[in-house]
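This report works through one protein model, from its overall make-up to a few selected elements and residues. Please keep the sequence and the structure in view while reading.

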Amino acid sequence: FYTKKKELIKEFARLDNKVSLCSDIWSDHWQSCSYMGITCHWIDNAWNIKKRLLAYSCVNDPYTAQNISHLMFIILEEYGLTSKIFSISFDNASANTCSINELIRMCQPSIGGKFFHIRCTCHIFNLCVQDSLRSLETYIKPIRSAILYLWTHPQVMKQWGKFCKLNGMRAKRFARDVPTCWNSTYKLLLSTFDYKDLLCGFFGEVVQSSNIYLYANQWNICTTICEILKVFNDATDQLSGVYYPTCHLVVTHLCNVACIFSEHLNSNEPPSIECIISMKTKWEKYFLNIPDIFLCAIVLDPRLKLDGLGELLTLYYDSLDPITDACPSYSMILSSVRNSLTEIYTDYNEKYGSQVATQTQHTTSSSIISRLSKAQNLIRDRTKRPRGSSSSNLELENYLTTTFDFSAADEDTFDILRWWAQKKQVYPILSLMAKEILACHVSTVAVKQTFSMGGNTLDERRFTIRPENLEAQCLLNDWSRAASRTQDSQYETNDDEDTEGTSGTTTGGGTSECD
């Protein structure tokens, strides 16, 4: 463990670019304590996204902003990363949010910490969904109660298996609905559609529980609910990725959600309208003003840039039709994004301009240089001299005004990291910006997957394991899977099994929210 840790520290010491972090806290009921998980994400010189688990530390102190920032700084200092942090992704617990200012003061991130704090997008999606589902409890609760009854009564589950076979259907163990598990309601409803008639018959003829009444028409409104929830499910699935950039995908998914809002607000179904209104209220709290990091990231997608962002913003706000009057104008947003990019570019040019210019000069043939006169050398050196603190942003303007050709076939296979890897000689400063911005993770799923691993390790037989041994085991498990890039595969589970199978652990997130 210590050998691998030293190797990782050396790898971080060689890093030229900054890294992004994801962090969260998990409470374990076996040991009656909390654990802080921290994952590190960065893009290496080969333009591949890497991920490492840095900590799975036992937290004995109260969960306050000061304690969070202090513990995180100690861990970052241990890995030599205090000056290499670009962003940190937290969920929406108020203590996490309050710790950001202290972390900015201690870590001194670039551009004044402009992009330092990223709220977990998937967690916000879940908050919006849970708010809206409260207005649909009348339709969802009977189905949820029926499935829960099957899960908690093994003998009834066996009867269900026999009932299915008698009716020519394969017996099925349905997905479970847990509020703190993202998309679980959607997966529950989706898993029951093909069995709705059987479920009604089973609970009407076999179970005959006085507390559960199922009717086929209850699934009619659930069909509409699933159409809405599918958009959130698709967004959460894509934005939870570990080995590909997600930051530039957020705005597209926000537009998809806004479009589904608009579509169902204009429907003639009162339950879905009530659901959407409740969801929109929460949505506008977080996404009326889209965070700058997501807007800048999408400009770094050469298929879209500023013009594409303008079109997406038009679609977003026209579809969202905000309840509040404080809706920002598209022109102001685009102007702000351009200013932010210019500010970042200037900062990077001051820090890395000399280094980039030196690398460029080294590519020049030495035989040609030797034939140059002193005067020619002076002119050549002056024209190639780095701008340093100059406000020139010709490279940025060149990128924004250049039209790149992409065929329809490229749309499905386009790899934004490979594109920037090929263009790093043309846009040396911008490629460094892209390397750090695109490494930002927009969700804390990577950490929550680690908590699933820790939860699977701790059970009634191993709950006495010492916290430091549990941490070493979790870190080694993650690091050993890094080479094969399977650090996320071990946590994938399938609740949609037949009744002979076993249930899995579902990865999810808490529903804590800012005060």
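The sections below go from the whole chain to single elements and then to individual residues.

## Overall make-up

The model is predicted, and the protein it describes contains 22 helices and five strands. Of its 515 residues, 52% are buried, while the accessible surface comes to about 23800 Å², with 50% of that area belonging to carbon and sulfur atoms.

Contacts between residues at least 6 apart in sequence can be divided by their separation along the chain: 76% of them join residues at least 24 apart.

## Strands β4 and β5 and the helix between them

Strand β4 covers residues 85-90, and because six of its six residues are buried, the strand is largely enclosed by the rest of the structure. Its partner is strand β5, residues 117-119, with which β4 pairs in the parallel sense over three bridges; within this pairing, I88 stands opposite H117 in β5.

Helix α3, residues 94-107, completes the arrangement, since β4, α3 and β5 together make a right-handed β-α-β unit. The loop between α3 and β5 holds Q108, a residue other than glycine whose phi has a positive value, near 50°. With a relative accessible area of 58%, Q108 lies above the 50% cut-off and is therefore exposed.

## Helix α7 and its surroundings

Helix α7, residues 184-192, is mostly covered, with seven of its nine residues buried. The buried residues are S184, T185, Y186, L188, L189, S191 and T192, and what covers them includes four other helices, namely α4 (121-133), α5 (137-152), α8 (196-207) and α9 (218-239).

What is the relative accessible area of L189, and is this residue buried or exposed? L189, whose place is in helix α7, has a relative accessible area of 0% and is buried. Leaving aside residues up to four places away in sequence, L189 touches I143, C222, I225 and C226. The C-alpha atom of L189 is separated by 9.0 Å from that of D177, a residue 12 places away along the chain.

## The packing of α17 and α20

Two packed helices are described by the angle between their axes and by the distance between those axes. For helix α17 (residues 394-401) and helix α20 (residues 428-437), the angle is about 75° and the axes are 8 Å apart. This angle falls within the range of 65 to 115 degrees, so α17 is roughly perpendicular to α20. The contact is made by E395, L396 and Y399 on the side of α17, and by P428, I429 and L430 on the side of α20.

## A second residue with positive phi

Most residues other than glycine have a negative phi. K305 is a residue other than glycine with a positive phi, near 55°, and it lies in helix α13, which covers residues 305-320.

How does the exposure of K305 stand beside that of Q108, which also has a positive phi? K305 is buried, because its relative accessible area of 9% is under the 20% cut-off, whereas Q108 is exposed, with a relative accessible area of 58%. Positive phi values thus occur in this model both at Q108, in the loop between α3 and β5, and at K305, in helix α13.

Terms used. Residues are numbered from 1 along each chain as its sequence is written. This is a predicted model: local features need pLDDT of at least 70, side-chain atom pairs count only at pLDDT 80 or more; totals for chains, interfaces and linings use all residues. Side-chain values use heavy atoms; hydrogens and water are left out. Helices (H or I, at least four residues) and strands (E, at least two) are DSSP runs, numbered from the N terminus. Buried means under 20% relative accessible area, exposed over 50%, partly exposed in between (1.4 Å probe, protein chains only). Contact means heavy atoms within 4.5 Å. Accessible areas come from the Shrake-Rupley method with a 1.4 Å probe; for residues, only the protein chains shown count as cover. Two strands pair if DSSP finds at least two bridges between them. A crossover is right-handed if, with the strands pointing away from the viewer, the path from the first strand over the helix to the second runs clockwise. Axes are lines fitted to C-alpha atoms, for helices over the stretch in contact, and angles run from 0 to 180 degrees between N-to-C directions. Angles under 35 degrees count as roughly parallel, over 145 as roughly antiparallel, 65 to 115 as roughly perpendicular and the rest as oblique.
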